[in-house]
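User: I'm new to this one. Could you walk me through how to read it?

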Amino acid sequence: MSARPPAGQRALFEPQAVAPSAVSRLRALALSAPSRARRAGSRVEEDSDTLEKLRGYAVDLAARFGLRYTSIEAEAEGVVEHYGICYADGRIRIRLRHATTGRLLKESSLVDTVCHELAHLKHFDHSPRFRRFHERVLAEARRRGWYQPGRAPRTTKPRLLWEVVR
Ligand SMILES: [Zn+2]
């Protein structure tokens, strides 16, 4: 029951003639589809790494201020009405990516959003009391080195140290 042809018929199968197109097909695949998959994969990985980091901050900040939440999740793609949202049942959702560019938001913005939503666990409004409390949570995040507004993102072009002017 072997699929292999008898020795005399081997020439009919011309395996050498088939090989180059198979190889070029594989090469084309290696150049297109897998790199797309890799890009998609790195985006998913980037999101989960970022979320993991934010969750770590939230656990500690919530403990520090005696806040209780249910979960911290990434906001669904396409939801652009807010940067974050806190539901009455303690669920918090954070938008990780820019609405139009799709790029990951700056970490300082993300941490600010987390602090804002955590503060809503205590004050479910935007009253002066809420704003004062948000500032306290943010100050704690800053003290711990998690909130660093103004720090240049890693992806910016290197700054010129000097320029030759003629
Ligand atoms: Zn709010």
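Analyst: Let's go from the whole chain down to two of its helices. This is a predicted model, where local features need pLDDT of at least 70, side-chain atom pairs count only at pLDDT 80 or more, and totals for chains, interfaces and linings use all residues. Residues are numbered from 1 along each chain as its sequence is written.

User: How many helices and strands are there in the chain?

Analyst: Helices (H or I, at least four residues) and strands (E, at least two) are DSSP runs, numbered from the N terminus. Here you get five helices and three strands, in the order α-α-α-β-β-β-α-α along the sequence.

User: What share of the residues counts as buried?

Analyst: Buried means 20 or more other C-beta atoms within 10 Å of a residue's own, exposed means 12 or fewer, and partly exposed is in between, with C-beta atoms placed from the backbone. Of the 166 residues in this chain, 19% are buried.

User: Why is H4 said to be largely enclosed?

Analyst: Because 11 of its 14 residues are buried, the rest of the structure largely encloses H4. Among them are Val111, Cys115 and His120.

User: And which residues of H5 are buried?

Analyst: In H5, they are Phe133, His134, Val137, Leu138 and Ala141. Seen down the axis of H5, these fall within an arc of 140° (taken from the directions from the helix axis to the C-beta atoms), so they line one face of the helix. On the other side of H5, exposed residues include Arg129, Glu135 and Arg143. Just after H5, Gly145 has a positive phi of about 80°.
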